[in-house]
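Got your viewer open and a selection box ready? Let's walk through this fold stop by stop, picking residues as we go.

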Amino acid sequence: MTSTAPAAATAARLQDLLHQAARPGGALDPAALAAWDDAEAFPDAAHRLLGAAGVPAHYVPRRHGGLLHGLDGLWSVLRVIARHDLTLAVAHGKTFLGAMPTWVAGTDRQAAALADAITTGAEVCWGLTERGHGSDLLASRLTARPHGRDWRLDGEKWLINNGTRARYACVLARTRDDGGPRGLSFFLLDKQTLPTGTCQTLPKEPTHGIRGADISGFTLRGAPAAGSCLIGPEGSGFEVALKSLQITRIFATALSLGAADHALPLALRFLAGRDLYGHRLADLPRVRRVLGDAAASILAAEAVAVFAGRAAQTLTGELGVISAVTKAFVPTTVQRALDQLGDLLGVRGFVTTVFEHGAFAKLDRDHRIVGIFDGSTAVNRHALAVSFPLLTRARRTGPRDITGVIEAARHGAHRPPLDPTRLALTGDGCSVVQALPRAADLAEDGGLPDIAHAARALAAESERLHEEIAACRTAAGVPPAAFDLVQRYEWCFAGAACLALWLYNTPPPDARWWQDALWVRACLATVLARLGLELPTGHDARDLLAAALLDAGPDADGLSLLFGTLSGTEES
C-alpha cells in the first residue's frame, strides 16, 4: 500500500458520496447550491455531510491519532470537495489551517487535545489578519499581557474564515510592546469557555465570491488564556506563522484544481452542443487552441501542486521557496485558464439562470479569492524575490537533493510522514529547478524530440534567469524588475516539475493523458510560450490535447496527470 492509501480511499468514497449528494434534492444539488449562494447562506447540510464522512480526521497527523500522512493525500481530499463547491471546501478546510501552528510548535499534550477536538467535530479558525494590516503580520495590534502565570488578550481579528462558527481560535498576539519578529506569540483559545463579554463576534462581511462562507471576526476584551494556551515559546509566533504558511499555501492550491475540475466539463458540455457560423463551436481552430492552452495550463498547475505537496515530505528544507512559487503560480495560472474557458462560454459563463444553474459564474467568483488566501500572489512573489541571494548561492553548488526530487515526482512512492517540526525559515535552494540540465540530458534519451527540445530550451532559460537573478539587488528593497524575474522563475519551476513527473514515472497502458506523452508535451508548449521561447516544430500538442478532450467528452474520467480516478489520488 502507498502512504496515501487512506486519503486515496477517502477521496474515492467522497467522490461517490458527493456525486450522490449532487442529485436533485441532495445537499450538493447544483440548484440548491445556487440558492444558498444567492441567499449568502452557509451550506450547513453539505458541511455536516463531510463531517459524517470522516474528513476531519485527515486534518490530524497520524502521530496524534489522525489520518494525515502526507500533504498530497490531504490535498486530494480537499480537491474532491472543491470540485463540487468552493464555498464548502473553503469553510471546511479552514480547520487544517487553524490547527497548523499546533502541529508545528505545540507540545504533544496540546496536539493530542486539539486532535481529539477536531476528530470529534470541532472547528478551528486562524486569527492572523487585522483590520488595516492585511498580510503585514508584524503590524498585529491584538495584545496578550501576562496575568500571573496566565495571559489576558485584547484586540480584534478581522476577515477571519469561520471567525464566528469555529469553537477554537488560534490567535496571533503581540506579547512584547516593542513588537518585531520576536514580539508575537500564538494562543489557542476555546471560545466556548471564555467568560461572557470577553469575546464578541463581528458581523459576517458580504463578499463577491464564497458568499455563504463565514468571513467575519471577533473582538477580545480581557479574554483569559491559561499558560497552557501558549503555542510554542513566547515570542515564536512570527516564526511559527511563516513555517505554517509553507504548508498551508500548498494545501490551498487544491481549491484551484478543484475549481478547474468543475469548470472544464462545463466548458466541454457547452462546446459539444453549440453551433456558430455553420460549424460546431468545438471544431473551430481558434476555439480548440484556446481550449488546449487552458487545459495545458491546468495540467501545469497540477504538476506544480502535486510536486510541491510531496516535496513537503522529501524536500522539506526547500519548502520556503517551493511553497511561495506554488501559491503564486497555481491560483494565478488556474484563474487565467478559467478566464479562457469563460471566453469560450460567452454570456453563459456569466448568467446565473440559463446554463447549469450559473455554476461557472459561481466557481469563477469563488476562485478569485484563492489567490489571496495565506498570502496574496504579490506577497508570495515578494518572498521569492527576497530569496534571490539564496537561489544564487544554491546555483553554484548544483542540485542538493536529486533523490528528494525523484521521490517527490514518483507516483506511489513510499515517502516519510509529513513532519511540520522539520520546517525551516531558511532554505536549501530549489533542487528541481537546479536539476533542469540533468532533466534535459534524460529527455534526450526519451525518444521524443519535441520534449528534448523543450527541456534543452528550458534548461538554457534557467541558466540565463539565474544570471539575471544574481545581478538583481534586493537587500535594500525589492525593485519592480524583480517581479518579472519571479514570474519567469515560476514558469521554469513549472516546466521542471512537469519534466520530473514525466521522467520518473512509468504509466500504466490505460493512463489516458500519458499516451504519446500528450500531457507533458502540451504543458511544455505552454511553458515555452509563456517564457517567449521557440516552440518545437510540428503539431502543437495543445491542439492535440484539445482534440483528445473533445473526443473523451465531458463525462470521461477527467483531466489529470495522476494515475487512477479524477480524484487526483494514486492507485495503491
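Start with Trp514 and Trp519: Trp514 is buried, and Trp519 is buried too. Keep in mind throughout that this is a predicted model.

**Aromatic stops**

Staying with those two side chains, Trp514 and Trp519 make an edge-to-face aromatic pair, with 5.3 Å centre to centre and 65° between the planes. The structure holds six aromatic pairs. For another one, select Phe329 and Trp491: their ring centres are 4.8 Å apart and the planes sit at 85°, so this pair is edge-to-face. Now colour by helix and you'll see that the pair links distant parts of the chain, with Phe329 in helix α9 (residues 319-345) and Trp491 in helix α17 (residues 480-503), 162 residues apart. Are these two rings buried or exposed? Both Phe329 and Trp491 are buried.

Next, pick Tyr59, Phe96 and Phe251 together; ring pairs link these three into a cluster.

**Arginines over rings**

Show Arg131 and Trp158 as sticks. Arg131 lies over the face of Trp158, 4.4 Å from the ring centre. Then jump to Arg512, which lies over the face of Trp513 at 5.5 Å from the ring centre.

**Strand β7 and its partners**

Go back to Trp158 and look across to β7, where its bridge partner is Gly217. Now select the whole of strand β7, residues 215-225. How many of its 11 residues are buried? Eight of them are, making the strand mostly covered.

Add strand β3 (residues 150-161), which runs antiparallel to β7 and is joined to it by 10 bridges. Strand β6 (residues 199-202) also runs antiparallel to β7, with four bridges between them. To find your place along that pairing, label Gln200, which stands opposite Thr219 in β7.

**A glycine in the loop**

Step back to the loop between β5 and β6 and click on Gly197. Gly197 has 54% relative accessibility and therefore counts as exposed, the cut-off being over 50%. Draw a distance from its C-alpha to that of Arg221: you should get 7.3 Å, for two residues 24 apart in sequence.

**Strand β4 and its partners**

Select strand β4, residues 168-174, where seven of seven residues are buried. Turn on the side chains and check which way they go: Tyr168, Cys170, Leu172 and Arg174 point one way, Ala169, Val171 and Ala173 point the other way, and all are buried.

Who pairs with β4? Strand β1 (residues 124-127) runs parallel to β4, with four bridges joining them. Label Val124 here and you'll find its bridge partner in β4, Tyr168. Then add strand β5 (residues 184-190), which pairs with β4 in the antiparallel sense over seven bridges. A good residue to click is Ala169, whose bridge partner in β5 is Leu189.

**Last stop: two helices**

Finish with helix α18 (residues 518-530) and helix α19 (residues 541-552), drawn as cylinders if your viewer does that. What is the angle at which these two pack? The angle is about 135°, with the axes 8 Å apart. Angles over 145 degrees would count as roughly antiparallel and 65 to 115 as roughly perpendicular, so α18 and α19 are oblique to each other. Rotate the view until one helix lies in front of the other: the crossing of α18 and α19 is left-handed.

How values were computed:
Residues numbered from 1 in each chain as written. Predicted model: local features only at pLDDT ≥ 70, side-chain atom pairs only at ≥ 80, totals over all residues. Heavy atoms only, no water. Phe/Tyr/Trp six-rings, centres within 6.5 Å; stacked < 30°, edge-to-face > 60°. Buried < 20%, exposed > 50% of the residue type's maximum accessible area, 1.4 Å probe, protein only. Lys NZ or Arg CZ within 6 Å of the ring centre and 35° of its normal. Pairing = 2+ DSSP bridges. Axes fitted to C-alpha atoms, helices over the stretch in contact; angles between N-to-C directions. Parallel < 35°, antiparallel > 145°, perpendicular 65-115°, else oblique. Left-handed = near helix turned anticlockwise from the far one by under 90°.
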